[in-house]
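Let's take a walk through this fold together. Keep the viewer open and turn the model as you read.

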Amino acid sequence: MVTDEVYPDWEAVYRDNIDRMYRLMFAKVGNRPDAEDLTAEVFVAALRPLRMSASVGEVRAYLLATARTVLADYWRRTLGREVTTIDDEHTETVFADPPVPSQAPGRIAAILGALPDRYRRILELRFLDSYSVREAAAALDLSVANAKVLQHRALRRAAQVAQEVDG
């Protein structure tokens, strides 16, 4: 499909293509953390050279070419060799498939639900609400040092709970 439409800004490029790029990367590497990192690398690499006057089709083609380069770097780093095969037929299949629903929210809720209140609260503040250690300490009426210790203990306990949840 060739279209003359153009994106109004970079954010529109990102919103329209983030799911496509993520699904492609997930299909190639098979795990969520690496797929998320590689998707971010594609957009960071494409940010500067991408012309906003390019058509939607040109932008998608450029992102796909960038994805090939990012994947080649990934495979070189992890396997010590370059694997860049992204065939167009497979790519269209990946884009046409419905997105895979995330199990992360349920897993996070199960882990946090099994933690003592103070452990759960420090982890919510730090990692879900993006508080700094200082801000979390203030919210919990603790010193910064005590907040760090609480966070450390909470993370250790959360790791144990995660192993139990994963069975």
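What follows goes from the overall layout to a helix pair, a ring cluster and a few single residues.

Bear in mind that this is a predicted model. The secondary structure amounts to eight helices and zero strands, so to speak a plain run of α-α-α-α-α-α-α-α when you read along the sequence. The chain has 167 residues, and 32% of them count as buried. How do the contacts spread along the sequence? Taking those between residues at least 6 apart, 60% join residues at least 24 apart.

Now bring up a helix pair. Two packed helices are described by the angle between their axes and the distance between the axes. Helix α5 covers residues 104-113 and helix α8 covers residues 144-166. Their axes are 9 Å apart, and the two pack at an angle of about 120°. At which kind of angle does that leave α5 and α8? They are oblique to each other, because angles of 65 to 115 degrees count as roughly perpendicular and those over 145 as roughly antiparallel, and about 120° falls in neither range. As for handedness, α5 passes α8 in a right-handed crossing.

Zoom in on the residues that meet there. From α5 come R107, A110 and I111, and from α8 come A158, V161, A162, V165 and D166. Sorted by class, this contact has six nonpolar residues, two charged ones and no polar ones.

Next, the rings. A pair of aromatic rings is described by the distance of the centres and the angle of the planes. Searching the whole structure turns up four aromatic pairs. One of them joins W10 and F43, whose ring centres are 6.1 Å apart. Stacked or edge-to-face? The planes of W10 and F43 sit at 75°, so the pair is edge-to-face; the cut-off for that label is over 60 degrees. W10 belongs to helix α1 (residues 10-29) and F43 to helix α2 (residues 32-47), so this pair ties together parts that are 33 residues apart in sequence. Ring pairs also bring in Y14, linking W10, Y14 and F43 into a cluster.

Are the two partners buried or exposed? F43 counts as buried, because its relative accessibility is 5%. W10 has 23% relative accessibility and therefore counts as partly exposed. Buried means under 20% here.

Stay in helix α2 for a moment and pick out V44. V44 has a relative accessible area of 64%, so this residue is exposed. Its C-alpha atom is separated from that of T66 by 9.8 Å, with the two positions 22 residues apart along the chain as the spacing.

Finally, look at the loops towards the later helices. Most residues other than glycine have a negative phi. Which residues have a positive phi without being glycine? S130 is one, with phi near 60°, and D141 is another, with phi of about 60°. S130 is found in the loop between α6 (117-128) and α7 (133-139), while D141 is found in the loop between α7 and α8. S130 counts as exposed because its relative accessibility is 58%. D141 has a relative accessible area of 70%, so D141 is exposed as well.

Key: Residues are numbered from 1 along each chain as its sequence is written. This is a predicted model: local features need pLDDT of at least 70, side-chain atom pairs count only at pLDDT 80 or more; totals for chains, interfaces and linings use all residues. Side-chain values use heavy atoms; hydrogens and water are left out. Axes are lines fitted to C-alpha atoms, for helices over the stretch in contact, and angles run from 0 to 180 degrees between N-to-C directions. Helices (H or I, at least four residues) and strands (E, at least two) are DSSP runs, numbered from the N terminus. Angles under 35 degrees count as roughly parallel, over 145 as roughly antiparallel, 65 to 115 as roughly perpendicular and the rest as oblique. A crossing is left-handed if the near helix is turned anticlockwise from the far one by less than a right angle, and right-handed if clockwise. Contact means heavy atoms within 4.5 Å. Ala, Val, Leu, Ile, Met, Phe, Trp, Tyr, Cys and Pro count as nonpolar, Asp, Glu, Lys and Arg as charged, and the others, Gly among them, as polar. Rings of Phe, Tyr and Trp (its six-membered ring) pair if their centres lie within 6.5 Å; planes under 30 degrees apart count as stacked, over 60 as edge-to-face and the rest as tilted. Buried means under 20% relative accessible area, exposed over 50%, partly exposed in between (1.4 Å probe, protein chains only).
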